[in-house]
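Thanks for coming, everyone. Let me put the structure up, and then we can walk through it together.

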Amino acid sequence: MKPLPIGVDDFSEVILKNYYYIDKTLFIKELLDKKGKVNLFTRPRRFGKTLNLSMVRCYFEHTEDEDRNCQKRELFSNLAIGKADEKYTKEMCQYPVIMVTLKSAKQRTYQEAMACLKETLAREYARHEEQVKGKLENQEDWEKFMRIRERRGEDTDYLTSLAFLSECLYRACQKESIILIDEYDVPLENAYFEGFYEEMVSFIRSLFESALKTNPYLGFAVVTGCLRVSRESIFTGLNNLRVYSILNENYEEYFGFTEAEVQDMLKYYGREGNLSAIREWYDGYCFGNAEVYNPWSILNHMEDIITNREAFPVPYWANTSSNSVVRDLVDKLEDDKGMLQEQLECLMNGGTIEKAVHEDITYDAVYDHEDNLWNFLFFTGYLKKASARQEENEQYVTLAIPNREVAYIYRHTIRLWFDKKQKGFDMQPFYTALEEGDTDKMEEEISGFLEQTISYFDYGESYYHGFLAGLLQRNGKYRIQSNRETGLGRADLILKTPRIRKGRALILELKTVKRFQEMEKGCREALAQIEKKKYKEELQQEGYQDIVGYGVCFYRKECLVRGAD
């Protein structure tokens with residue numbers, strides 16, 4: 001049985017070590033067919049961008065060692081592109097290839113980020129040193145090459161370093177270079193959050209313009225990232241740029257796993273019965289018109305269910321980044337006048353919202369307007385396209401949360417936000433009402449707190465249980481027990497004073513209803529359950545004499561409380 005390539009993004013390693021590989025090699029055929037000069041692919045993180053670029057490099061790159069070229073051809077012999085027409089296969093191992101990833105520039109300062117970028121460029125120069133050595137007519141060019149290669153170049157050397165490397169390779173090989181740039185927008189996103197955005201934009205603009213705009217030594221380029229950054233900030237005057245975002249129908253099936261690919265994988269590992277859970281948790285993305293699964297989460301969950309068929313799905317993708325954009329959206333609730341909260345609640349309850357789509361975004365403008373933030377969430381995978389429509393020159397997309405994994409990110413972020421927010425609540429009126437048995441005041445306070453948070457009612461009683469437990473946790477008098485075995489069942493919440501003889505215990509049993517008119521009935525059922533399940537008996541056996549039971553019923557953001565007679 002083949003191992004799974006979790007975290008392996010080098011194509012040759014995947015094939016040579018016989019990892020399970022979902023064949024995406026016809027991506028190369030489409031690149032050759034479309035003949036795009038500069039191709040920008042924007043997809044969410046962990047959707048196979050780096051592996052695809054590694055595949056492209058492995059396919060096209062020529063080396064001086066013909067045995068190595070033959071070995072590389074062999075890697076593709078049993079894959080789709082290796083069985084394609086000769087006009088495609090004859091392109092194998094024919095070009096110098098420059099490949100850099102910019103993800104190392106995620107640093108705290110501009111100086112640190114630039115040091116990492118220079119290191120990345122130096123490694124790529126070192127990789128091509130033997131190809132270039134002795135083949136540059138101009139000694140000054142060789143000296144410049146070695147300055148960058150040995151990490152001692154002037155800042156100006158690096159502004160045109162990709163273009164210069166392609167020129168050196170042309171001099172050496174007499175062929176234009178293929179330039180591959182991975183994670184191109186990581187330096188920009190990081191620079192915005194760390195406060196040196198303008199400096200980084202200036203550097204990346206110079207690097208890209210010289211390499212991609214007026215470079216006679218460029219064969220073609222493939223650039224990947226999460227977000228399309230506007231032409232004005234990076235791709236100034238780059239008329240040969242073709243952008244393939246998640247809205248574009250071209251190349252739609254090459255990033256992420258399709259339904260058929262997931263089914264084939266499950267069949268290979270004998271886990272066909274797990275499809276429905278996988279679909280619920282990790283499906284839901286729509287790239288162009290293709291239904292796509294999150295590949296990172298599929299591979300991780302597949303490893304779990306190979307070991308244990310009953311392994312529960314967990315949010316693997318949620319743990320690969322800070323998810324700061326969701327946190328920033330939730331933080332905006334502090335200044336919200338109601339609309340944002342309403343839209344977020346709609347999404348959390350499985351609904352949709354419609355927004356105008358703007359693909360050209362600059363990181364420094366993401367937070368200028370709420371619509372920019374919604375767009376950012378969409379293009380980075382935190383929302384999906386449910387449908388789209390065109391109105392004059394504006395495109396509108398109906399947005400939804402893709403799956404349970406992404407819903408977890410929202411729920412977790414909202415919970416943290418509310419935990420922080422409730423520290424500012426005046427809880428004393430609620431605690432006093434609880435002590436005095438003032439059920440009218442209790443329901444008024446709880447309903448007021450509900451108004452200030454985000455509700456997702458599809459989680460029913462468990463949501464309200466966590467909500468109410470959170471409100472009670474800061475009281476200084478009672479210890480809280482949640483869903484503990486008591487009597488003949490589990491009471492939802494029990495509050496007990498540390499002292500027993502002169503102490504007190506409170507039992508809160510919770511119910512939810514689907515209609516406002518059923519709330520009174522819900523409270524009666526909760527109180528009846530306290531008696532029927534004998535929740536008070538164990539407390540009495542512990543020594544508590546003063547025991548009070550409350551039936552608490554919820555409908556959306558309404559709360560009703562009734563005490564035992």
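Let's begin with helix α11, whose buried residues pack against α12, residues 197-213. Which residues of α11 are buried? In this helix, spanning residues 186-194, they are V186, P187, L188, N190 and A191. Right after α11 comes G195, and its phi is positive, near 95°. Please keep in mind that what we are looking at is a predicted model.

Now let me zoom out for a moment. The chain has 565 residues, and 55% of them count as buried. It holds 24 helices and 16 strands. Along the principal axes, the C-alpha atoms fill a box of roughly 100 × 50 × 50 Å. If you take the contacts with a separation of 6 or more, 70% of them come from residues 24 or more positions apart.

Next stop, strand β1, at residues 38-42. How many of its five residues are buried? Five of the five are, so the strand is mostly covered. V38, L40 and T42 point one way, while N39 and F41 point the other way. That fits a general pattern: in a regular strand, side chains alternate between the two faces of the sheet.

β1 also has partners to show you. With strand β5, residues 241-244, β1 pairs in the parallel sense over four bridges. One pair to look for is N39 with its bridge partner R242 in β5. With strand β4, residues 218-225, β1 runs parallel too, and five bridges join them. There, L40 has V223 of β4 as its bridge partner.

Moving along the chain, we come to an open sheet of three strands. The order is β6-β8-β7, and the pairing is antiparallel. The edges are β6, at 257-258, and β7, at 285-287, each of which pairs on one side only. Between β7 and β8, the latter being residues 290-293, there are three bridges, and the two strands run antiparallel. If you want a landmark, find F287, which stands opposite A290 in β8. Packed on this sheet is helix α14, residues 275-282, which touches β7 and β8. The direction of α14 makes about 100° with that of β8.

Helix α14 has a helical neighbour as well. The axes of α13, residues 259-268, and α14 come within 11 Å and cross at roughly 140°. That angle makes α13 oblique to α14. The crossing of these two helices is right-handed. On the α13 side, the contact is made by E259, V262, Q263 and L266; on the α14 side, by L275, I278 and R279. By class, that gives four nonpolar, one polar and two charged residues.

Here is another helix pair to set beside that one. How do α16 and α19 cross, left-handed or right-handed? α16 passes α19 in a right-handed crossing. α16 covers residues 324-331 and α19 covers residues 404-422; their axes come within 10 Å and cross at roughly 50°. These two are therefore oblique to each other. The contact uses V326, R327, L329, V330 and D331 from α16, and I409, Y410, T413, I414 and W417 from α19. Sorted by class, the contact has seven nonpolar residues, one polar and two charged.

Let's look at one more sheet. This open sheet has three strands in the order β9-β11-β10, with antiparallel pairing. Its edge strands are β9, at 353-356, and β10, at 384-391, each pairing on one side only. On average, neighbouring strands here are turned by 25° against each other, direction ignored. Four bridges join β9 to β11, residues 394-400, and those two run antiparallel. A356 is a handy marker, as it stands opposite Y396 in β11. Helix α18, residues 370-379, packs on this sheet and touches β9, β10 and β11. The direction of α18 makes about 105° with that of β9.

I'd like to finish on a single residue. Where does Q529 sit? Q529 is in helix α23, residues 519-532. Is Q529 buried or exposed? The relative accessible area of Q529 is 19%, and buried means under 20%, so Q529 counts as buried. Leaving out residues up to four places away in sequence, Q529 touches E509, K511, K534 and Y535.

That's the tour. Thanks for listening!

Definitions and conventions:
Residues are numbered from 1 along each chain as its sequence is written. This is a predicted model: local features need pLDDT of at least 70, side-chain atom pairs count only at pLDDT 80 or more; totals for chains, interfaces and linings use all residues. Side-chain values use heavy atoms; hydrogens and water are left out. Two strands pair if DSSP finds at least two bridges between them. Contact means heavy atoms within 4.5 Å. Axes are lines fitted to C-alpha atoms, for helices over the stretch in contact, and angles run from 0 to 180 degrees between N-to-C directions. Angles under 35 degrees count as roughly parallel, over 145 as roughly antiparallel, 65 to 115 as roughly perpendicular and the rest as oblique. A crossing is left-handed if the near helix is turned anticlockwise from the far one by less than a right angle, and right-handed if clockwise. Ala, Val, Leu, Ile, Met, Phe, Trp, Tyr, Cys and Pro count as nonpolar, Asp, Glu, Lys and Arg as charged, and the others, Gly among them, as polar. Buried means under 20% relative accessible area, exposed over 50%, partly exposed in between (1.4 Å probe, protein chains only).
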